[in-house]
Amino acid sequence: MKNSKTNHSIAMTVLKGRTFIVLVVLLIFFSFAAPNFLSENTFMLIAKHVALYGILAIGMTYVIITGGIDLSVGAVVGFTGMIAGGLIQEGLTLQIFGVTLYFSVPWIVLIVIVCGALIGWLNGIIITRFNVAPFIATLGMMYVARGFAMLRSNGATYSDITGKPALGNTGFDFFGSSIFGKIPVGVIILVVIALITAAILKETPFGWHVLSIGGNERAAKLSGVKVNRVKIIVYILSGVCAAIVGIITTSQLVAAHPATGESWEMNAIAAAVLGGTSMAGGVGTIGGTIVGAFVIGVINDGMVMCGVSEFWQMVIKGLVIVLAVIIDQFQRNLQAKIALQARNENK
Amino acid sequence: MNTNEKMEDAVCLRAENISKIYPGTVALDNVSFEVKTGRVNVLIGENGAGKSTLMKIIAGIEQPSSGKLFMGDQEVSFHDTTEARSHGIGIIHQELSLFPNLNVYQNIFMAREKTKGHFQLNNKQHAELTERILAKLEHPIPPETLVGNLRVGQQQMIEIARNLIQDDLKILIMDEPTSSLSAQEVDVLFKLMRELTEEGISIVYISHRLEEIMRIGDHVTILRDGKYVVDEEVSKIDVPWIVQHMVGTDKTYHKRERSIDWSKAETILEVKNLTLPKSGGGYLVNHVSFEVKKGEILGIYGLLGAGRTEIFECIMGLHPEHEGEIFLNGEPISVKSISEQIDRGFALVPEDRQREGLVQTLDIGKNISLSSLKNYVKGPFLDKQQENAHIDEVIKDIHIKVSDKKLPILSLSGGNQQKVVIGKGILTQPKILLLDEPSRGIDIGAKTEVFDIINQYASRGLSIVVISSELKEIIAIADRVIVLSNGKKTAELTGDDIKEDSLVLASYQGHHGH
Ligand SMILES: Nc1ncnc2c1ncn2[C@@H]1O[C@H](COP(=O)(O)OP(=O)(O)OP(=O)(O)O)[C@@H](O)[C@H]1O
Ligand SMILES: [Mg+2]
């Protein structure tokens, strides 16, 4: 009996750290499979990509914990990127006054983030006030946002958005650059957001409320949790995260393309799920999600470096995700079993 | 006496002419109700009488269609639980409303968190207060335990505890708080209720256990079919009086009179030396043997945690690690999975209807027919007509109070939900029906009906095993009773030997005073 218990707890530790173990295994695998993998350049590249998936996945984690989903984030990345690009390149033309306004970069960042927040707020309103299922509401928003991104420039790309000193709007490429020559700014932003959101989830009443909604929404309402408000805030958070990613990615590319971010919502969901977030809601951590984002990033870039075809990349990514969920389920069952044992011992 | 009379006058909350109309149902029809200060105000009525609805209105969960609430001289109206709570009204819900994904103190302090500064949760304080309150309830559970891993009885304690942390509590509404508590736990709760009333807190108490009401109640109000019937001081009434006003006529259970020579009846199920070890040593089920004859009703009595539910879980294949032998129709079977057991003709009506018995998103009819859908298959399709006919039959048979079987399951009152769960078990046409506390939350009238149905099915040859914590009930229904204590079988009683005192005695064997 004792034996099976220690076996269980070993198995449990392995399962809990599984995403991390997978990450290490992947790193070892690719360092053999791809000759240039273990280099500073590779890691810089991966880190830049992980920053994008990671930030999106943080917002997504919050949403999924409440029992929802946000399919619009990829499109919001494209849309907000186009707004940033457009504001730098063309400014804001007010036809009635016949003037064109150019904003400095901090203002542009603010405007873009407010746009992301507004889209998230709209998602939240549609879901809470009009009782539309999150899947449908955000699916609709995905098309609308993508459509507007295309409309902004008629499908064209804003290239070379470095701004002009004469207009006082230079410096947008900062968010895609690296400081101290090594650390991408995106990664720093990711770390800051991750620390803040992790603290909120664990250490504040708001975090409890988010978890409570996913656990039992009716009970949350009866306990006095302002369920609708919490949900709206969570979708706003997701929208803001998407807008930040929109800024970083356009800055990295020094160009805004309306198709940017297509299917990134899937990477974000995958990262969250790999990190142990339960699609049923109520369970998830920011730390886990970040590790999940690293796994997605390493798989993506590792396979590119190995010369795996784009089509096989899709197959492999899909398999990894499904496998992760299977293992997750396995862990839950084991956990329940251990808990049952503990409960019986307490009697 | 004089002070008592003065107390009677003090009314802490008054509900005047409250009506509540749901589509298809008048849940409350012009009901007035007074909560007397510092007393235990009892609300009684059959299933669906409107008790929970009235309490939900007072606690701000539902809004009345018409009628007013007064506290003191002031009219009040609550749009949500937070508003009611700010007036000092707390409610223990009939259906557990906890967060299985969160731990004990998170459940208790949800939406009333203690913080350091403005934002940071003070979990140390949460844990301390939780320990204190659970100690007061004489139910120490480590505050970090995940609530989803607790037993129903423990969860009910959490539900109670979260209401006791409110500082300015004036009225505590308790909607069947004892339905999954053992006698011992009920004693603790009653002691606590007395402490609360002495502090001047008013309690509204709902229960179907009438003996309890005679013990703890001060003033009784009876509802029937959404209407006020009568109210009276508990000191002036007795149980038959209550029953009479509740159901309109006098109803008690009568002992089953069946003169069958069971030694001649064929044995359907035989369990030999069933053992379920605890992982830390010792046993949950300790070498228990029994048999069930065709058409027999076997009762299993014992205190909470005596291993009753575990026996059912073993038989249904939830614990493949159990030891011992199980024979079905004389042939040994190896019990590995639930679906296998269902195919063999076993059916289980579980203890926790919300979590294990009902699919909340489906309507009433579908919930009833769910586990027997394969009986209505015609080719690849469902034979709707046959399905509906069966559903209607069950609804009629078990007297489920429902205006339309297409309504969502949660619109039924608690007791009627339980009837649905039982109906569901019966529709699968099992050979052996396992009922775990089938009368939990059902009123006396409905109980008699449910027992009639159980009897009826037993006489048609169905073998039934019933777990119950209620003495009168198990005496009334079982042909034979086995008693468990600490996982061991301590008695097996038949016929006239099934008496309250012998059952209680056997259930305490091996327990040394607490
Ligand atoms: N949301 C709802 N929609 C429709 N009908 C409802 C709803 N809630 C309750 N009812 C109906 O109102 C009536 C009163 O229900 P209520 O829950 O108050 O009964 P109760 O007295 O608490 O019964 P029990 O003892 O079984 O808990 C029932 O007939 C029930 O079906
Ligand atoms: Mg009720």
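Ala, Val, Leu, Ile, Met, Phe, Trp, Tyr, Cys and Pro count here as nonpolar, Asp, Glu, Lys and Arg as charged, and the others, Gly among them, as polar. With those classes in mind, begin the tour of this predicted model at ligand 1, where the surrounding shell divides into four nonpolar, twelve polar and four charged residues.

**First stop: ligand 1**

Select ligand 1 together with the 20 residues that surround it, and then colour B:Asn47, B:Lys51, B:Ser52, B:Thr53 and B:Gly415, which are the closest. Three distances deserve a label in the viewer. For B:Gly50, choose the backbone, since a backbone N or O atom of this residue lies 2.9 Å from an oxygen atom of ligand 1. For B:Ser52, choose the side chain, where an N or O atom is 2.6 Å from an oxygen atom of the ligand. The side chain of B:Thr53 also belongs in this view, with a polar atom that lies 2.5 Å from an oxygen atom of ligand 1. Taken alone, ligand 1 exposes 640 Å², and the protein buries 90% of that area.

Next, switch to a cartoon and pick out strand E2 (25–36), helix H2 (51–58) and helix H15 (414–427) of chain B, the elements that each give two or more residues to the shell around ligand 1. The largest share, three residues, comes from H2(B).

**Second stop: where chain B touches chain A**

Now show both chains and select the contact between them, which takes 35 residues from chain B and 29 residues from chain A. The two chains bury about 2,800 Å² between them, and 58% of this is on carbon and sulfur atoms. On the chain B side, highlight helix H3 (81–86), helix H4 (104–109), strand E8 (120–121) and helix H5 (123–136), each of which supplies at least two of the residues that touch chain A. Coloured by class, this side of chain B has 13 nonpolar, 15 polar and seven charged residues.

Which kinds of pairing does the rule find across this interface? It finds zero salt bridges between chain B and chain A, whereas nine residue pairs are in polar contact.

**Last stop: a salt bridge within chain B**

Over all chains the structure holds 20 salt bridges. To see one of them, select B:Asp187 and B:Arg215, whose closest N and O atoms are 2.7 Å apart. This pair links distant parts of the chain, with B:Asp187 in helix H7 (residues 183–198) and B:Arg215 in helix H8 (residues 210–216) of chain B, 28 residues apart.

Definitions and conventions: Residues are numbered from 1 along each chain as its sequence is written. Chains are lettered from A and ligands numbered from 1 in the order in which they are written. This is a predicted model: local features need pLDDT of at least 70, side-chain atom pairs count only at pLDDT 80 or more; totals for chains, interfaces and linings use all residues. Side-chain values use heavy atoms; hydrogens and water are left out. Contact means heavy atoms within 4.5 Å. Buried area is the accessible area (1.4 Å probe) that two parts lose on being put together, summed over both. A salt bridge is a side-chain nitrogen of Lys or Arg within 4 Å of a carboxyl oxygen of Asp or Glu. A polar contact is a pair of N or O atoms within 3.5 Å; within protein, one must be able to donate a hydrogen and the other to accept it, and residues adjacent in sequence count only if both atoms are side-chain atoms. Helices (H or I, at least four residues) and strands (E, at least two) are DSSP runs, numbered from the N terminus. A residue is near a molecule or strand if one of its heavy atoms lies within 4 Å of it. Accessible areas come from the Shrake-Rupley method with a 1.4 Å probe; for residues, only the protein chains shown count as cover.
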